[in-house]
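Biologist: I would like to go through a model feature by feature. Please give the general idea each time, and then the case at hand.

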Amino acid sequence: MPFRDECGVFGIIPQAEAHRHTYLGLYALQHRGQEAAGICSRGPEGLTLHKGQGYVADVFTQEVLDRLEGDAAIGHTRYSTTGGNVASAAHPFLIHGRFGQVALCHNGNLTNSEALRQRLIEAGHTFTSPSDSEVILALVNRAEAADLEGAVVEALSQVEGAYSLLILFEKGLIAARDPLGFRPLAIGRMGEAWVFASETCAFDLVGAEYLREVEAGEIVVADAAGLRSRQSRGQVQALPCVFEHVYFSRPDSLVFGRSVMATRRAMGRFLARRHGVPADLVVPVPDSGVHAALGYAEESGLPFDFGLIRNHYVGRTFIEPKQSIRSFGVKVKLNPARELLRDKRVVLVDDSIVRGTTSKKIVQMVRAAGAREVHMRISSPPTTHSCFYGIDTPTREQLIAARQSVAEIARFIEADTLGYLALEDLEQAVEDPLHGRGFCYACFTGVYPVDPGGLRASASCGP
Ligand code: AMP
């Protein structure tokens, strides 16, 4: 099964102690990937790379950071699906090729990488990992263009799917987003330095100011001459991933130029309007349900409280790829506040139901803590389809909403009632009518804007 990466990327140029800023940036992006981390920096001797498995804090010691001293750097936090947690697949990837040293890190998932990889292997290329990101570097190195910028344009004209990329080379840094702009990538400014990050929470930590998004299909080059931009392909309608706003991004980030927190509140308000229910208390499933629950409470006039307390030293339950760890994770991660829940009719708000197993355990937990009724409200529509553009969703067979009706899911998770956000309400909450931008809603509709091709077969699911 090819790799699907949910990841965070960060880059900065030119900046003294670029490696330390990148380390901080990765800290802010840790939620986007907890399996591996890496930094490649540019020093007087060329590019230096360090990457490894684990959290940012585990991978980088003081001694390692000292070795990465440089005036430009890129970094990555990585999360992969089952089977993908191998050291060789950590980013950045560094090659010594036609254009000297070139390092790349990637957030997203290519839909045609297997075919490209086969072609490259037949042409004599060898790979060090199963990662689709390495395919991009191979294409860059084999391009006909005379310079790296041209080679990147050429390589990107051959790949399909989702990519937000940072490429570090001896003379500068290139940032690029796929023509539909599935994954986020923002540009910031810090003194003389250009800063790039998946989410603006990384800018806040290093003290950079948000400038703008890298636009869909845009290639931005930052080097000694400053910042310049070109379009990789003809203009197409951007369709960024709505799930970044639903679940994946941090609430304190701007993503696709919009506040994630404000979008989630709006989702909660819509949810309350459509699925109001007599109740005593609105309780979020922390942290993913917090802002939608605030919106729900605001709109319904019901009191809001933290009826579930989260242990912050446990990673996201879902982020661990093994089933055994995941189911154990719920109890480790959440503890009910019995004195708040006892005898209450509780509206429990979460962002999504995927397999339904976590939600069921949480409902049981709230009931066992004394709640009289549990009304589950989900701030997105039923997740009926797998994502092939970089969000880890299981195969269709494992998605409970692909097989069961809302009433059946309510019975399975043992909720008194269950209400999902309507697709049209999600659209209203997230779309910006002024800019007329669309989003990719494939996980809720099965309408895939880029043909998932072979990935669909390998995930053994069809729309
Ligand atoms: P479950 O009830 O087992 O379907 O799990 C639902 C929980 O998984 C919700 O709290 C979501 O916030 C979370 N979730 C949804 N999508 C993802 C994802 N792609 N990665 C990690 N967690 C997710």
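Modeller: What follows covers cysteines, one helix, cis peptide bonds and positive phi values in this predicted model.

Biologist: Let us begin with the cysteines. How many disulfides does a search of the whole structure find?

Modeller: The criterion is a pair of cysteine sulfur atoms within 2.5 Å. With that criterion, the search of the whole structure finds zero disulfides.

Biologist: Why is there no bond between C105 and C40?

Modeller: Because the sulfur of C105 is 8.8 Å from the one in C40, its closest cysteine sulfur, the two are too far apart for a bond. C105 itself is buried, at a relative accessible area of 0%.

Biologist: And what is the distance from the sulfur of C443 to the closest cysteine sulfur?

Modeller: That distance is 6.4 Å, to the sulfur in C241, again too far for a bond. C443 has 11% relative accessibility and counts as buried, because the cut-off for buried is under 20%.

Biologist: Next, the helix. Which residues of α10 are buried?

Modeller: Helix α10 spans residues 290-300, and its buried residues are V290, H291, A292, A293, G295, Y296 and A297.

Biologist: Against which elements do the buried residues of α10 pack?

Modeller: They pack against one helix, α9 (260-274), and against the strands β16 (281-284), β19 (345-350) and β20 (373-378). Just after α10 comes G301, with a positive phi of about 80°.

Biologist: Now the peptide bonds. What is omega for the bond from I13 to P14?

Modeller: Omega is near -20° there, and the bond is cis. P14 sits in the loop that runs between β1 (5-13) and α1 (18-28).

Biologist: Which residue does a cis peptide bond join to P286?

Modeller: The partner is D287, and omega is about -10°. D287 belongs to the loop between β16 and α10, and β16 is among the elements against which the buried residues of α10 pack.

Biologist: Last, positive phi outside glycine. Where does F256 lie, and is F256 buried or exposed?

Modeller: F256 has a phi near 55°, a positive value in a residue other than glycine. The residue lies in the loop between β14 (254-255) and β15 (258-259). F256 is buried, with a relative accessible area of 3%.

Biologist: What is phi of D343, and is D343 buried or exposed?

Modeller: Phi of D343 is near 65°, also positive in a residue other than glycine. The loop between α12 (338-341) and β19 holds D343. At 52% relative accessibility D343 counts as exposed, because exposed means over 50%.

Note on methods: Residues numbered from 1 in each chain as written. Predicted model: local features only at pLDDT ≥ 70, side-chain atom pairs only at ≥ 80, totals over all residues. Heavy atoms only, no water. Buried < 20%, exposed > 50% of the residue type's maximum accessible area, 1.4 Å probe, protein only. Helix = DSSP H or I, 4+ residues; strand = E, 2+ residues; numbered from the N terminus. Contact = heavy atoms within 4.5 Å.
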